[in-house]
Amino acid sequence: MTRYDSLIEALGNTPLVGLPNLSPVWLENMQDPHIRLWAKLEDRNPTGSIKDRPALRMIEDAEQRGLLQPGATILEPTSGNTGISLAMAAALKGYQMICVMPENTSIERRQLLELYGARIIFSPAEGGSNTAVAHAKELAAQNPSWVMLYQYGNEANSLAHYEGTGPEILADMPYITHFVAGLGTTGTLMGTGRYLREQRPDIQIVAAEPRYGEGVYALRNIDEGFIPELYDPDVLTTRYSVGAYDAVKRTRELVQAEGIFAGISTGAVLHAALAMGQKSLNEGKQADIVFIVADAGWKYLSTGAYAGSLDDAEDALEGQLWA
Amino acid sequence: MSVEVSIPTILRTHTGGEKRVSASGATLQAVISDLEANYSGILDRLVDPANPGKLHRFVNIYVNDEDVRFSGGLDTAISEGDSVTILPAVAGG
């Protein structure tokens, strides 16, 4: 069934596609030893990112609990994708949308948010999303009528993945051995990871965390550090930090070898997935590694990541929030 | 074992502004002790004084890009030429 009454309902059921050229050992016959990579194309969601899942789920949850009344104002700290998802849903459902977003995010994200009718309040580049979260909390306290869905601590975020992303992956790839995704709010990894581990206790759940340029980590003191309330390290097997150079390199390999035009954070995720593949190869084990393509590359073309040398791209991304 | 340690802006007051410093040790604990010997005060910024043996909640340390909380914590083995990166915890989303 591919007919829907509105865009909001065209959520999820995204394709899982193999990477025959980038997989360490691609063999289609299950009896043969293989180490295969599989990409879940979450850019095929209503606004083009995986964040449509938690955004719509958080809105539905708030509606059911009576927190969101017609004409209400939604406030959310976001580096972009969650804001875009919420802004689309708000436009369709008649809510006002205010995003608190770090100023060092791509111009495309700002333009999309404004196109959907959202108001943007910029937070300083220093401290990245940490600063946006802190500023949004202050605004929420000053404006009690605004509804902050708060993706970092809202269980509906991880539940969207526990009930959606996870079951979809397992249905498409019952032999899954590894799940790799980006770590931001941690909702994708917590929800999908919990579901997959319940179904496949031996599965490895791997986080790929973007490592930005220095400015993003320029906190005034260590207590300005931030760990999302949703985060439970017990769900993870391990966690990798991936810098801009490796992320851009893998993002380009993905489009050149497999035709998948992904956002830069996906390059970081693929980098970790390939490391897992190499480990399986060294240990002589079979592997089916599923990783998340959180969004496509369109929103990042202006960042300089997709043209010129890798060193130039790394320099261009310094100071930008690219995931 | 000699390794290069990447220091975040917030801790460079201890390293005279240096972004990268050398340290040695067979475990992360030993590397941090070596850092403390040369850059006094850095230990308490990394390891929770109230909870010795555990990193400060908002401090992440990566050895060859892997978060040490998943590879043995302060007991993580260090090999010659490894890279050690210290970063404050930041969010995405």
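The exercises below, with worked solutions, concern a predicted model.

**Exercise 1. Overall form of chain A**

State how many helices and strands chain A has, and decide how its radius of gyration compares with the globule rule.

Solution. Start with the secondary structure: chain A has 9 helices and 10 strands. Next take the radius of gyration, which is 19 Å for chain A, and set it beside the 20 Å that the globule rule gives for 323 residues. The two values are close, so chain A is as compact as a globular protein of that length. For the outer dimensions, the C-alpha atoms of chain A fill a box of roughly 60 × 45 × 35 Å along the principal axes. As for burial, 54% of the 323 residues of chain A count as buried. Finally, consider the contacts in chain A between residues at least 6 apart in sequence: 72% of these join residues at least 24 apart.

**Exercise 2. Packing of two helices**

Classify the packing of helix α7 and helix α9 of chain A by angle, and name the residues that meet.

Solution. First locate the helices: α7(A) covers residues 244–258 and α9(A) covers residues 310–317. Their axes are 9 Å apart and the angle between them is about 125°. An angle of 65 to 115 degrees would be roughly perpendicular and one over 145 roughly antiparallel, so α7(A) is oblique to α9(A). The crossing of α7(A) past α9(A) is right-handed. On the α7(A) side the meeting residues are A:Ala244, A:Tyr245, A:Val248 and A:Lys249, and on the α9(A) side they are A:Leu310, A:Ala313, A:Glu314 and A:Leu317. Sorted by class, this contact has 6 nonpolar and 2 charged residues, with no polar ones.

**Exercise 3. The contact between the chains**

Find how many residues each chain gives to the contact, and describe the side of chain B that touches chain A.

Solution. Count by chain: 33 residues come from chain A and 21 from chain B. On the chain B side, the elements that give two or more residues are β3 (59–63), β4 (66–67) and β5 (83–88). Of these, β5(B) provides the largest share, 3 residues. By class, the chain B side divides into 11 nonpolar, 5 polar and 5 charged residues.

**Exercise 4. The surroundings of B:Pro8**

Place B:Pro8 in its chain, and list its contacts beyond its neighbours within four places in sequence.

Solution. B:Pro8 sits in the loop between β1 (2–6) and β2 (20–24) of chain B. It has 18 C-beta neighbours inside 10 Å and therefore counts as partly exposed. Leaving aside neighbours within four places in sequence, B:Pro8 is in contact with B:Ile86, B:Leu87 and B:Pro88 in its own chain and with A:Tyr217 in chain A. For a distance, take B:Leu35: B:Pro8 is 27 residues from it in sequence and 14 Å from it in space, C-alpha to C-alpha.

**Exercise 5. Two positive phi angles**

For A:Asn13 and A:Thr186, give phi, and decide for each whether it is buried or partly exposed.

Solution. Begin with the background: most residues other than glycine have a negative phi. A:Asn13, not a glycine, has a positive phi of about 50°, and A:Thr186, also not a glycine, has one of about 80°. A:Asn13 is in the segment before β1 (16–18) of chain A, while A:Thr186 lies in the loop between β7 (178–182) and α6 (187–199) of chain A. Now apply the neighbour count, for which 20 or more means buried. A:Asn13 has 13 C-beta neighbours inside 10 Å, so it is partly exposed. A:Thr186 has 29 inside 10 Å, so it is buried.

Note on methods
Residues numbered from 1 in each chain as written. Chains lettered and ligands numbered in written order. Predicted model: local features only at pLDDT ≥ 70, side-chain atom pairs only at ≥ 80, totals over all residues. Rg over C-alpha atoms; globule rule 2.2 N^0.38 Å. Buried ≥ 20, exposed ≤ 12 C-beta atoms within 10 Å, placed from the backbone. Contact = placed C-beta atoms within 7 Å. Axes fitted to C-alpha atoms, helices over the stretch in contact; angles between N-to-C directions. Parallel < 35°, antiparallel > 145°, perpendicular 65-115°, else oblique. Left-handed = near helix turned anticlockwise from the far one by under 90°. Nonpolar A, V, L, I, M, F, W, Y, C, P; charged D, E, K, R; others polar.
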